[in-house]
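Hello, and thanks for sharing this one. Here are my notes, set out as numbered points that you can follow alongside the model.

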Amino acid sequence: ALRDPDLAVRQCAALGLAQGSNPEAIPDLLAALDGDDSLLARLAGNALISAGGPAVPGLLETLQGGSPRARVEAARALAEIGDRRAIGPFFKAIQDGDSAMVEYWADVGLERMGVGMSFFDPK
């Protein structure tokens, strides 16, 4: 259904996959991040978040080489998943500084993973 010509069907498929993702759908969900429809891209991102770890390699690839819209959704999904494989690419995205939204989600992801935080004993 993610390949259906009807946009509403694709949106419903992505919404359904967000409730319980199927790893076989990951390539089509990644492709949907780069579509013309913002709602479909967001729903596909949510479905990839639901997929978790199996979606991370494709999301990392999209973060590093996708279109601007796809990169933002990939960064958001990676931040929500919290997989430590995203740490290096998040730092690179922040250093590149070419997208404020990608930087935002990279910061959120790093913060959620506790990267850069210092813990000390006040004694």
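**Notes on the fold and its helix contacts**

1. Let me begin with L33: at 0% relative accessibility, this residue counts as buried (buried means under 20% relative accessible area, exposed over 50%, partly exposed in between, with a 1.4 Å probe and protein chains only). L33 sits in the loop between α2 (26–32) and α3 (38–51). Its contacts, leaving out residues up to four places away in sequence, are A41, A44, G45, L48, L59, T62, R69, A70, E73 and A74; contact means heavy atoms within 4.5 Å. From the C-alpha atom of L33 to that of D6, 27 residues apart along the chain, the separation is 16 Å.

2. A word on the basis of these notes. This is a predicted model, in which local features need pLDDT of at least 70 and side-chain atom pairs count only at pLDDT 80 or more, while totals for chains, interfaces and linings use all residues. Residues are numbered from 1 along each chain as its sequence is written, and side-chain values use heavy atoms, with hydrogens and water left out.

3. Now the overall picture. The chain has seven helices and zero strands, where helices (H or I, at least four residues) and strands (E, at least two) are DSSP runs numbered from the N terminus. Read from the N terminus on, the order of elements is α-α-α-α-α-α-α. Of the 123 residues in the chain, 41% are buried. Among contacts with a separation of 6 or more, 61% come from residues 24 or more positions apart.

4. On dimensions, the C-alpha trace spans about 60 × 30 × 20 Å along its principal axes. The radius of gyration of the chain is 15 Å, which agrees with the value near 14 Å for a compact globule of 123 residues. That radius is taken over C-alpha atoms, and the globule rule is 2.2 Å times the number of residues to the power 0.38.

5. Helix α4 (residues 56–65) deserves a look, as V56, G58, L59, L60, T62 and L63 are buried there. What covers them? The cover of the buried residues of α4 includes α2, α3, α5, α6 and α7. Two of these α4 residues, L59 and T62, are also among the contacts of L33.

6. Within α4, L60 is buried with a relative accessible area of 13%. Setting aside residues up to four places away in sequence, L60 touches L78, R85, A86 and P89. The C-alpha atoms of L60 and F90 are 9.3 Å from each other, with their positions 30 residues apart along the chain.

7. Is R71 buried or exposed? R71, found in helix α5 (residues 68–81), is buried, with a relative accessible area of 10%. Beyond its neighbours within four places in sequence, R71 is in contact with T62, L63, G66, A93, D98, S99 and V102.

8. R71 also takes part in the contact of α5 with α7, where R71, V72, A75, R76, A79 and E80 in α5 meet M101, V102, W105, V108, G109 and R112 in α7. By class, this contact has seven nonpolar, one polar and four charged residues (Ala, Val, Leu, Ile, Met, Phe, Trp, Tyr, Cys and Pro count as nonpolar, Asp, Glu, Lys and Arg as charged, and the others, Gly among them, as polar). The axes of α5 and α7 come within 8 Å and cross at roughly 10°, which makes α5 roughly parallel to α7. Axes are lines fitted to C-alpha atoms, for helices over the stretch in contact, and angles run from 0 to 180 degrees between N-to-C directions. Angles under 35 degrees count as roughly parallel, over 145 as roughly antiparallel, 65 to 115 as roughly perpendicular and the rest as oblique.

9. Helix α7 (residues 100–113) has a further partner in α6 (residues 87–96): their axes come within 9 Å and cross at roughly 140°, so α6 is oblique to α7. On the α6 side, I87, F90, F91, A93 and I94 meet V102, E103, W105, A106, D107, G109, L110 and M113 of α7. The residues of this contact divide into ten nonpolar, one polar and two charged.

10. Lastly, A13 in helix α1 (residues 7–19) counts as buried at 16% relative accessibility. Apart from neighbours within four places in sequence, A13 is in contact with A1 and L2.
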